[in-house]
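Open your viewer and get ready to click along. At each stop you will hear what to select and what to look for there.

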Protein chains: 2
Amino acid sequence: MTSDAGSSGPTATIRVAAAQINTTVGDIDGNARLIEEWIGRAQEQGADLVAFPELTVTGYPPEDLVLYDNFIAANRAALGRIAQTVGDIVALVGFVDSEDGSLFNAAAVLYRRKVVATYRKIHLPNYGVFDERRYFSAGNECPILSIRGIKVGISICEDIWEPVGPSEVQCAAGAQVIVNLNASPYESGKQGHRIEIVTRLSHRNRVYTLYVNQVGGQDELVFDGGSMLAGPDGDLIGSAARFEESLLVADIDITSLERLRLHHQAQAVPQDELDRIAEPTTVELDVPVPTVRPQLPELSVHRLERLEAVYRALIVGTGDYLKKTGFKKVAIAVSGGIDSALVTAIAADAIGAENVVGVALPSRYSSEGSIVDAEDLCSRLGVELWKIPIEPGHAAFEEMLGEAFEGTEPGLSEENTQARIRGNLMMSIANKFGWLVLPTGNKSEMATGYATLYGDMAGAYAVIKDVPKTLVYELCDHRNRRGPGSPIPQAIIDKPPSAELRPDQLDEDSLPPYGQLDRIIHMYIEERMSPDLIVQKEQALPEGGASEATVRRVVRLIDINEYKRRQSPPGVKITGLAFGKDRRLPIASGWQR
Amino acid sequence: MTSDAGSSGPTATIRVAAAQINTTVGDIDGNARLIEEWIGRAQEQGADLVAFPELTVTGYPPEDLVLYDNFIAANRAALGRIAQTVGDIVALVGFVDSEDGSLFNAAAVLYRRKVVATYRKIHLPNYGVFDERRYFSAGNECPILSIRGIKVGISICEDIWEPVGPSEVQCAAGAQVIVNLNASPYESGKQGHRIEIVTRLSHRNRVYTLYVNQVGGQDELVFDGGSMLAGPDGDLIGSAARFEESLLVADIDITSLERLRLHHQAQAVPQDELDRIAEPTTVELDVPVPTVRPQLPELSVHRLERLEAVYRALIVGTGDYLKKTGFKKVAIAVSGGIDSALVTAIAADAIGAENVVGVALPSRYSSEGSIVDAEDLCSRLGVELWKIPIEPGHAAFEEMLGEAFEGTEPGLSEENTQARIRGNLMMSIANKFGWLVLPTGNKSEMATGYATLYGDMAGAYAVIKDVPKTLVYELCDHRNRRGPGSPIPQAIIDKPPSAELRPDQLDEDSLPPYGQLDRIIHMYIEERMSPDLIVQKEQALPEGGASEATVRRVVRLIDINEYKRRQSPPGVKITGLAFGKDRRLPIASGWQR
C-alpha cells in the first residue's frame, strides 16, 4: 500500500532543529547572544523551526531572581532584541512572561522580527528540586502553529509528564508535531524514563515529538541534554549527544500521519483538563521553504553507559560551577584515599590537570602509604602536589586547648580538630591564590555525618556528595578503564578506607560495611521506606542483610546529622534524591522512627 | 431598639478557647500529650470548644517528613488516640489528612471520642518560607459546626488572608463564629498586620473570629502566638500573650449578631471561589452546657513594644532550638565587640547564665580594651569566661603556610586564617563537652560577606543572623533598659566596630557606614528594589544618602556572597525577608544588576 497523502506535496515536510545549549542562570545578555548564534546555525541547516530549552533567556532555574521586577524587564527586553534578529525561521525561545503581576514560564514564538504567539506552561512542578508554583501561574491556552499547513503544538517540560495534558488537546485539534521545551536535570537512569515518556506520547497520539533539553551545570543540577525526536509509531528516531551542546536537525514528513490516524482512536481528554485549557487557536505562518537545505546526516540514537553518564555528569557539574562562578583553579586535599583520588581525577578531567593543585596534609597518624599513594595519583594525573605536614598546627591546638581539656580522654573532638586544621589550611591556600577548594566527601559520609563540619566538609563544591561509597569504587574502576591513562593507583582502590585521625582507624570500626550502608541509605533516602520496611527487606536478602540494630542505627545517624548537611557546600545531584533542595527536613525534630 | 434574638435563650452564648501551645515538629507523641493536657485545661475553664494551632499533631512546618508514609500513619494514629480522650467538648486539632495518595493540611473536629468532621485547608501558601503546595492538595469543602444552634465555621491560616475565601462562603451559609487555626511565624510588625486581617474579616462579615496561633521556635522560625478574638464591629476583643503558651478563653454572645446583620450587605463571593468550594454542610453537635463554668477574667489586648518583641523572638528561637535539639549549654566567642555581647545576653536570658560559656580568643591584634570589655560583660551577666590566646595556632599556621605563601603580601587570607583558628577552637570545645557554638554574625555581615566561612560563621545557631547592625545597637540599649541588670558595658556600645584581624582595622574601612548599609540591604533584600531605584531613593534623602558607587558595591557584595550564606547555620527570622528558605538564589549566576 502506498501513501495517498502525496497531495500535500512539498509542504508535507518540515525541517526542525533542537538547539541543546548551555545557558547560564541570570546571564541574560550572554544567553541572548547564544540564542542568536544558534538560530543562525539552525538556518544554515535549512531549518524551518528551531526550538530552545525551557526558560532559555533567563537560564534554568532562575529561582528568586524572577521576583525582581528589573530582572523580568531585562528578560523581556532581551527577548525583544532576539526577535529583531529572527527572519524566515520560526524560533521557540523560553522566557518569563508577565501579566498583571503574575509570572509565567513561557515560550515565545518568534518569526520575522515579531513575537507571533506565546505558550505558557500549564503544569508546574513543585516537588523534588522544583519550586515552580513559588513563582509561576499556570497558563490556560495552547496555540497551534500552522507552518505551511503543518500543525505544530508547543508545550513545556512537565506538560508532557501528565498522563493526559496539553499535547492531547493539541493533537485533538490537529497537531502533527509536538515540540516540548525542557530543563530536565540529570539523574542516573532518567534518560531511559524520558525516552519512554516521549515515545509513548508520540505513539498514543500518532504524532511526532521533538523534545529539547538543555545541557550544563547549574549549582547542584546538571542538565544532560539528550534531546530527541520520536515518531508516531512510538519509535525513537534520533537523539542528540548527552552533556554537550548540540543541534539535532531532522526532516519530518507528515505524509503517512493521515493514514496512521485513520484507524486510530484519539485520546479522550478528561473534563478537568478541558476546563483548564482553552480551545486551541491556530497561528498561520507561511514560512517559505529555505533555498539552502543541506543534506542531513542520518539520525542516530546516542546511548551512554551508566557509569560513563555519571562520570560525565560529575565532570560537567564541576566544570560549569567553576566557569559560571568565574574560577579557574582548584585545590584538593589529597589524602591517598579513594574519595580524594576520584575527585582529583574528575577535576583534572573537567578543567585540566594544570588547574588542579593537590595538597597532602599528613599528620602523626598518617600512614607512609598514604603519601606514596597521593604522590602516585598526582604524578599519573599530571597534577602538582604540595605537602604540608600539619604537626605544627596539631601541636599548637593541643597546647591552646590543654588547660580546657585537662583530665578528659582524647576522642572525637581531637579528631575533628585535626580535620579542621586541614580545612583551614585548604581555605587559606584557596583564599590566597583565588582558587576554590573541592571537598571530597561522598554520599555515604554526608548521610551518616561521617565527616567533619568545617574540616573535610569545607570547600566550594562537593563534587561527589551525592555519590555513595560503593559507586565511588565503581567510578574509579571506570575512570581507569575509560582513560586517558589509568590514573588511580590500584593500591588506593584496594586498601580498606580510613580517616586516619587516630592510630589504626578504619571506617568499618564506626560504620557498617559500605555495601549494607549504601543499601540502607538508598532505601531510606531515595525510596523513603520506613525503618521497619528496610529491616524486612534486609532480612529477606538471600545472603542475609543488615541486622535490625544496624538499620536503626543508620537511620538515626541520617536523622541527627541534618544540621551538618544544612551547612554543606553544593555538589552534583546524580541520584533520584540528593541532599539539598531535593530533601527538606527540619533540623530540630522530635521524629524518631 | 432592643434585640429580638432573646428567643435563642441560654444557647446564645458559647465559650471558646484558643490553646496557644508550643509543639515540636515530628514529636507526634509529645504533641499528642500536650494537646490532651490543654483540652483538659479548656474543660476546666468550662469551654464548649477548644481550638489548637495548624498541624498541631505533627508540629509546623513538618517539611519532607510528611512524604514518609509511616509519618502520616503515626500522625493519624495519634489523632485517633487524642479523639478517644475527648468528651463533652469540641476540639479542633490540626493534622495531616490523606486520601488516595494526596495529603491535606487539615483540622479534625473531635467530639465524644469521634472525628465528627474534617476541614482541609483550601488556600495553600507557596511563597516566602512556605512550601505547602510541595506537599498538600487543596481542600474543597467547608463544613459548619452547629453547637447548640450557634454556627461555627473553621478555616486554616492562609484561608483568611485571601480577600474573599472560605470564611465568606461560611458566613453566607450562616456562620456566626469563625475559628482560624494558624502557624504564623513571627516577623517584626506582623502582629499588627494580623490584627488588621482578623478585625476586617470580622467586620465585613459581621462575625466573631477566633484566631489561634502557635508559639515557640522551630529552626529558623519563631511562632509568636498573639491568638485573638475579634468582634462583628471590627473590634479586637482580646488577645493572648506573645511568645508563651497561653489559653485564651472567651464567652461569645451571638444575640446581637442578628440585628447587626439586618442591614448588612453580605459579602459577594466571586464565582471562582464558589467553583472551588462545595456548598457548606452543617454538623449538628448538641454540646451540653458545662456544669462547671468558672467566671472568666476580663479579656485584654496584649501589646508588645517593637524592640521587646524582637528581643523575645531571639530568646525564644534560641532557647527552643537548644531544647528541641537536646542541647543544654552553649559556647560563645566573646570578642569584646557588640555582636557577641548581644548574643551572650540573649543566650543567658534564654537558657540561664550558668549554661553559657564565653571564650575570649585574643590574638596579637586584639586591643587591651577588648579583653577588659569581654570580662566586664561576662561578669555582669554571670557568665563564665575562658581565655585562650590564639598566638600558638597563629604562629603554627604561619609556619605551615610559610613556603606556600612565600613572596606574597599578607591580606585577606591571613585574616581568615585567624578567624578559622578561632572557629576550630570553639568547635573543639563544643565537641568535647557536648555543647553548641552560637556564632555572632549579624545580618549586615551575612549580606555583605563580611564574615569568615568556617571562622566566625562556624556554629550551630546564628542567633542574630537576621538582625541588621543598626538594630544590634538598638537591642543592646533595649536590653540594658529592660533588665534584669544592665549587662552590656557602655564601652562596648560606644567603640567603633572592628574585626581586629589586622592592626588598627575598622569595619568602616571595608564597608559603608552601617546606617547607609542597612538601608541599602533593606531596600535590596526586603523590598526587592533594583539598584537603580535604590540609588534614586538614596539621592532623594534630605541629608543625601549613599552614593551610586556605594549602592552598586553593596548590591554586588550581596550577590557574590550567596555561596557563604548557603553554608551558614540557621538563625531566627525576625524581618520580612531573612536569608535561608525565605530567599532562594542561585550561587552560580550571571545576573549583574
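Start by colouring the two chains of this predicted model separately. Chain B can be laid on chain A with an RMSD of 0.0 Å, using a turn of 180 degrees and a shift of 0.0 Å along the axis. That is how copies sit around a two-fold axis. To find the axis from chain B, select Q567(B): its C-alpha is the nearest to the axis in that chain, 2.1 Å away. Both copies use the same surface, and 100% of the contact residues of chain B recur in chain A.

Next, stay where the chains meet. How many residues of chain B are in contact with chain A? There are 69, and they touch 69 residues of chain A. Try selecting the helices on the chain B side: α2, α3 (132–135), α8 (306–325), α11 (391–401), α12 (412–433) and α20 (562–566) each supply at least two residues. Which of them gives the largest share? That is α12(B), with 14 residues. Now colour this side of chain B by class, and you should find 33 nonpolar, 20 polar and 16 charged residues.

Move on to a sheet in chain B. Select its six strands, which form an open sheet in the order β5-β4-β3-β2-β1-β14, with mixed pairing. Look at the edges: β5 (114–120) and β14 (246–253) of chain B each have a single partner strand, so one side of each has no neighbour in the sheet. Looking across the sheet, you can follow a twist that averages 30 degrees from one strand to the next. As a reminder, strands of a sheet pair through backbone hydrogen bonds, either parallel or antiparallel.

Zoom in on β3 (residues 90–99) and β4 (residues 102–111) of chain B. These two strands run antiparallel and are joined by nine bridges. Pick G94(B) and look straight across to β4(B): the residue opposite is A107(B).

Now add helix α2 (residues 69–84) of chain B to your selection. This helix lies across β3, β4 and β5 of chain B and runs at about 155 degrees to β3(B). You have met α2 of chain B already, among the helices that supply residues to the side touching chain A.

For the last stop, show the largest nonpolar core, which has 379 residues. Which residues have the most contacts inside this core? They are V93(A) and V93(B). Select V93(A) and display what it touches beyond four places away in sequence: I35(A), F52(A), T56(A), V57(A), L79(A), I82(A), A107(A), A108(A) and L110(A).

Methods. Residues are numbered from 1 along each chain as its sequence is written. Chains are lettered from A and ligands numbered from 1 in the order in which they are written. This is a predicted model: local features need pLDDT of at least 70, side-chain atom pairs count only at pLDDT 80 or more; totals for chains, interfaces and linings use all residues. A nonpolar core is a set of buried Ala, Val, Leu, Ile, Met, Phe, Trp, Tyr and Cys residues joined through C-beta atoms within 7 Å. A residue is buried if 20 or more other C-beta atoms lie within 10 Å of its own, exposed if 12 or fewer, and partly exposed in between; C-beta atoms are placed from the backbone. Two residues are in contact if their C-beta atoms, placed from the backbone, lie within 7 Å. Copies are superposed by least squares on the C-alpha atoms of residues with pLDDT of at least 70 in both. Two strands pair if DSSP finds at least two bridges between them. Helices (H or I, at least four residues) and strands (E, at least two) are DSSP runs, numbered from the N terminus. Axes are lines fitted to C-alpha atoms, for helices over the stretch in contact, and angles run from 0 to 180 degrees between N-to-C directions. Ala, Val, Leu, Ile, Met, Phe, Trp, Tyr, Cys and Pro count as nonpolar, Asp, Glu, Lys and Arg as charged, and the others, Gly among them, as polar.
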